[in-house]
Amino acid sequence: MPNFGNLLLNENMKIFRRLRTWIMLSFLALISLLLPVLLREGMGGGDVYFWEAAITTVQIVFFLNTIFCVVIAAEAVAGEFTWGTIKLLLIRPWSRSKILASKYITVLGFSLLSTVLILLLATGMSYVLFSHDGSAAGGVTSASYAFTLWAYLYVDLFITLAIAFMVSSVFRSGALAIGLSLFIMFTQSIFALIFNPARYDWAKYVLFNNMDLSRYMNSGMDLGLFGGGNAGMTLGFSVAVLAVYYVIFMVVSWVVFSKRDVAG
């Protein structure tokens with residue numbers, strides 16, 4: 001474990017020693033603080049519940065957060081091949097599994113850090129600028145609603161990162177990993193519309209139709225694990241499908257990275 005701890009420290013240093021990492025985090029922080037101010041100027045703060053403003057801010061900034069996290073994930077493995085440092089890493093007294101695990105844990109750690117940063121700043125600024133009277137929201141928008149929605153947003157990010165990490169490991173191309181992940185981000189709603197589970201029964205197993213878990217919140221506000229479904233799909237079903245895809249992505253990443261020949 002001490003060796004693995006050093007490995008994790010080494011991977012985190014690779015990320016946080018880069019100027020662009022701090023630029024990305026600073027940009028996320030700035031937007032999270034600025035958007036509530038812009039919302040107040042446009043909507044007024046007297047009748048807007050602060051949780052509503054916080055939710056709106058996080059939903060907007062989270063899109064940018066996903067892009068930044070994908071960039072980190074895409075270069076986690078591919079960057080070692082691009083910079084020619086993979087051989088230096090593999091001659092260290094660590095197994096390939098530990099090396100890959102440390103990279104993945106570091107990527108997840110960065111995504112959690114950036115997400116928490118957004119939530120704290122967006123909620124804090126909204127609390128300062130907007131109303132604390134929840135009666136105007138009709139009891140719908142609350143802390144539990146906000147954190148449930150944000151958890152679903154993170155699940156989407158979590159799966160997108162798994163895809164980017166897999167592509168980075170398999171194809172050794174950061175550009176391909178970023179491009180494919182962004183393509184999925186921009187087109188998942190389009191593919192979900194084309195491959196509608198209500199029209200094609202098999203479509204409910206398609207990844208795109210299960211990534212947006214927040215849609216289950218709009219069915220009678222039933223947030224139970226097996227409630228709020230449509231076309232035979234429920235929250236529990238989508239979580240199970242995503243879990244299967246996630247395992248596949250991770251297994252492919254580990255197998256390819258463990259077997260890859262880096263000679264030459």
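**Exercise 1. Work out whether Ser-102 counts as buried or exposed in this predicted model, and find what surrounds it.**

Solution.
- Start with the accessibility: Ser-102 has a relative accessibility of 0%. The cut-off for buried is under 20%, so Ser-102 counts as buried.
- Next, place Ser-102 in the fold: this serine sits in helix H5.
- Now follow the side chain of Ser-102, which reaches the backbone oxygen of Ile-99 at 2.6 Å.
- Finally, skip the neighbours within four places in sequence. What's left in contact with Ser-102 is Phe-4, Leu-7, Leu-8 and Glu-11.

**Exercise 2. Describe the secondary structure and burial of the protein chain.**

Solution.
- Count the elements: the chain has eight helices and zero strands.
- Read them off along the sequence and you get α-α-α-α-α-α-α-α.
- Check burial: 47% of the 264 residues count as buried.
- Then take the contacts between residues at least 6 apart in sequence; 81% of them join residues at least 24 apart.

**Exercise 3. Find which residues touch the most other members of the largest nonpolar core, and which helices supply it.**

Solution.
- The largest nonpolar core holds 75 residues, and Val-58, Trp-150 and Phe-249 touch the most other members.
- Helices H1, H2, H3, H5, H6, H7 and H8 each give two or more residues to this core.
- Zoom in on Trp-150. Leaving out neighbours within four places in sequence, Trp-150 is in contact with Trp-51, Ala-54, Ile-55, Val-58, Leu-119 and Thr-123.

**Exercise 4. Decide how H6 runs relative to H7: roughly parallel or roughly antiparallel?**

Solution.
- Take the geometry: the two axes come within 8 Å and cross at roughly 150°.
- Angles over 145 degrees count as roughly antiparallel, so H6 is roughly antiparallel to H7.
- As for handedness, the H6 and H7 crossing is right-handed.
- Look at who makes the contact: H6 contributes residues including Asp-156, Thr-160 and Phe-171, while those from H7 include Leu-176, Ser-181 and Gln-188.

**Exercise 5. Do the same for H6 and H8: which way do they run, and what is the handedness of the crossing?**

Solution.
- H6 and H8 pack at about 25°, with their axes 9 Å apart.
- Angles under 35 degrees count as roughly parallel, so H6 is roughly parallel to H8.
- The crossing of H6 and H8 is left-handed.
- Among the residues making this contact are Tyr-152, Phe-158 and Met-166 of H6, along with Leu-242, Tyr-246 and Phe-249 of H8.
- Phe-249 should ring a bell from Exercise 3, as one of the residues touching the most other members of the largest nonpolar core.

Terms used: Residues are numbered from 1 along each chain as its sequence is written. This is a predicted model: local features need pLDDT of at least 70, side-chain atom pairs count only at pLDDT 80 or more; totals for chains, interfaces and linings use all residues. Side-chain values use heavy atoms; hydrogens and water are left out. A nonpolar core is a set of buried Ala, Val, Leu, Ile, Met, Phe, Trp, Tyr and Cys residues joined through side-chain atoms within 4.5 Å. Buried means under 20% relative accessible area, exposed over 50%, partly exposed in between (1.4 Å probe, protein chains only). Helices (H or I, at least four residues) and strands (E, at least two) are DSSP runs, numbered from the N terminus. Contact means heavy atoms within 4.5 Å. A polar contact is a pair of N or O atoms within 3.5 Å; within protein, one must be able to donate a hydrogen and the other to accept it, and residues adjacent in sequence count only if both atoms are side-chain atoms. Axes are lines fitted to C-alpha atoms, for helices over the stretch in contact, and angles run from 0 to 180 degrees between N-to-C directions. Angles under 35 degrees count as roughly parallel, over 145 as roughly antiparallel, 65 to 115 as roughly perpendicular and the rest as oblique. A crossing is left-handed if the near helix is turned anticlockwise from the far one by less than a right angle, and right-handed if clockwise.
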